[in-house]
Each structure stands twice: as structure tokens, then as C-alpha cells.
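Reader: Could you walk me through this structure, one step at a time?
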Amino acid sequence: MKKSIASALTAAIVLGVASTSFATPTDEEVQALRERVAELERIIQQQNNSKASQREVDYLDSRVSELERTSGDSLSDKLSIGGELRYRFWSRYKASDVSNLQFRLLPTFKVDEHFAVKARINASYDMNNDTRTFYRTDYAYLESKFDNFQLNAGKLPLFTNADEGLVADDYFSGLQAIAGEKIKFAVNAGKFSGDNYVGVEATTNFNDKIDAGLGYHYFKPDSSDNDFSIIAGGVGFNINEDWRLFGAVAHNTEAHSDETAFNIEGSYMGAKKEEKGTWGAYAAYRYIPGNAVVAPTYDTFEQTVNKKGFEVGATWTPYKNTLTKLAYFHGKYFGGGDDRTLFARASIFF
């Protein structure tokens, strides 16, 4: 502490004593006053040291926070890898059975709070033909998110949300922009199976009961004039927490026959892979000519399209992080002939 402060304290104490005693202090009194001043100095110095220490702690805290921001997370924090082991089986009327075993890896590398790299890598084994496919990359893209805007670039999943996969559940290479909160808009542009592709969709939830979507998708082959110009949409109605109705339609304005596809489906609950014992069931009527869609999401249509008929199915989660499905399609091909397709799937997630 500065001498001037000590002197002022001494003078204040001396004046205080003088004013109360109206007499000159003795040597003993002066010594006692000096001891009191020294004690006050120690107290003030401790307080100053405490304030200085607190300032130093605050400074170090700010430096640690700054270093954390600049250094980022560790590699283990940035990289996460999930996956799935699944078996699928198709049995079709007057056709060979198909058995397929797949192993999927889904790595995600988080660059920072806005950017991430996502991919899905497949290894598969066709049990009927004893053929193997290793390290096929279904998709790999850079994802960037900013509040209600998202921009993705690379090889991307293509799922037509407005019609819940009636038009396509596949992949394309290019750019995808997603924006909005109450109403979500998605714009796609790039290449789909060698075709030039542009698509735009708008989806919304009007309330807890009703959701709807509308989309347009244009596919232009480089080597032919068989364009696909598809307008598609769907409406869902939640009867209650367990029951749901959904309908979707897709129309190819460039086709001259079999240009319209539609799907009507009712579902009850649904299996959740995180919750053991959950299950669900559905029934649907699907009318899907190949001229109106490009890659519909339905498992019973994966081996062949151009057919119409009824489908029933059920899903079940026997253990946590598992999922099973059984579906049966009964209908006819557009070109003539009956179709009976039985589909089964069992998946383990990690």
C-alpha cells in the first residue's frame, strides 16, 4: 500500500484520538496507533491480493475458453460411426427367390457446429448367385447447416418427401438446398443415374392431424428424348396417436400412357428400433406404372415395378436396436400376368 494512504490513515486515527481526548498522545498511544495502522495495511493488502487473484482467474478462464474454441473437439468427438447388418428376402410368383445380406457403415465427421461430412458404405452378398460387392459408396456429401437453411453437396440421398417415396428413394449427385421452418422447401439439382435432374418440393404440417407436400421432378436423359416431368404430392391424416391414413399421386406430363401412379395406405403404430417390443402394421393399395415414377421406396417393388395391387405388412422390434419386417403384395402386372411377392427383412443396428 502507498505511504500516502498509510499516512492518511495514521492522521485520521491520531485526529480521532485527539478529538476525543483533547490531549497530546503519549508515546505508548502513538505506538498503539502505528500497530493499528499496520494491521489495516495487512487487511487492505489481502483484499487487493484477493482482487488481483480473481482477475487472474477470470483471465485464465477466458483464455481456456478461447483455446477450446480454436482447438475444437478431439478426433473421437468429431468422428462417429454407426451401421447396420441386414438380411432381405424376396419370393416372387414364377420367379427365382432373391436372398441378400448387407453390411452398412455410416460414418459422420463433424467439422464444426455448421459443417459435417456424411457417408454410407455398403458391402453386400447375393446368396443366390454367390456374388459379392465390397465398399460401394451409396452416398458421401458435405452437409452445412445455418439456422433454418441447409446446403448439401456431393452424392446425396434422394427421397421424395412430398409423396413419401412414391417417385424416388435413391441417390443423385449434385446440390441440395433446404430452407424454411413451418413450410420446408427443398431444391435439388444434379445427375440421377446419368440423367440431368432438377427437383423442388414444399412440405408442411398444418397441425397435429394433417400434413401435406407438393413436388416437381424433371429427369432429362442425355441419350434419348424420354423425359420424365413428374408432378407429385401427398396428404397425411393422423386419426389419433396410433392410426394414420396417407395418400399420394404422381403424374408424368411427358408420358403418353400409364402416366399416373398413386398409393393409398393406412397404418397402425410402427416399430421403433430403440424400443424393444414395439410393432406396427399397415395395408395399402399401390398402382405404380413405370412411366410415372423412377425408383419407388416400396420393398415389394424393388425387384420389379409396373404393377398394381394390395399390400399388407407388419414391423416388429424383438430387441433394442433391431428391426424386422414382413410384407406381402398381391396384384397384377400392367403388361398382363399375376404377381405375388413376399418380402422379409431383419436388421441389427449399431
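**Cores and rings**

Author: Happily! In this predicted model, the largest nonpolar core has 24 residues, and Leu166 and Ile230 touch the most other members. Strand 4, strand 5 (149–159), strand 10 (228–238) and strand 11 (243–252) each give two or more residues to this core.

Reader: Which residues are included in the second, separate core of five residues?

Author: Nonpolar side chains tend to be buried together in soluble globular proteins. Here a second core, separate from the one above, has five residues. Among them are Trp90, Val98, Tyr282 and Ala327.

Reader: Are the rings of Phe262 and Tyr287 stacked or edge-to-face?

Author: A pair of aromatic rings is described by the distance of the centres and the angle of the planes. The centres of Phe262 and Tyr287 are 5.1 Å apart. Their planes meet at 10°, and under 30 degrees counts as stacked, so this pair is stacked.

Reader: And the rings of Phe301 and Phe329, stacked or edge-to-face?

Author: Their centres are 5.1 Å apart. The planes, however, stand at 70°, and over 60 degrees counts as edge-to-face. So the pair of Phe301 and Phe329 is edge-to-face.

Reader: Is Asp138 buried or exposed?

Author: Asp138 lies in strand 4 (residues 131–146). Its relative accessible area is 2%. Buried means under 20%, so Asp138 is buried.

Reader: Which residue's side chain does a polar contact of 2.4 Å join to that of Asp138?

Author: Leaving out residues up to four places away in sequence, Asp138 touches Arg104, Arg120, Asn122, Lys155 and Tyr171. The side chain joined to Asp138 by the 2.4 Å polar contact belongs to Asn122.

Note on methods:
Residues numbered from 1 in each chain as written. Predicted model: local features only at pLDDT ≥ 70, side-chain atom pairs only at ≥ 80, totals over all residues. Heavy atoms only, no water. Helix = DSSP H or I, 4+ residues; strand = E, 2+ residues; numbered from the N terminus. Buried < 20%, exposed > 50% of the residue type's maximum accessible area, 1.4 Å probe, protein only. Contact = heavy atoms within 4.5 Å. Polar contact = N/O pair within 3.5 Å; in protein donor to acceptor, adjacent residues only side chain to side chain. Core = buried A, V, L, I, M, F, W, Y, C linked by side-chain atoms within 4.5 Å. Phe/Tyr/Trp six-rings, centres within 6.5 Å; stacked < 30°, edge-to-face > 60°.
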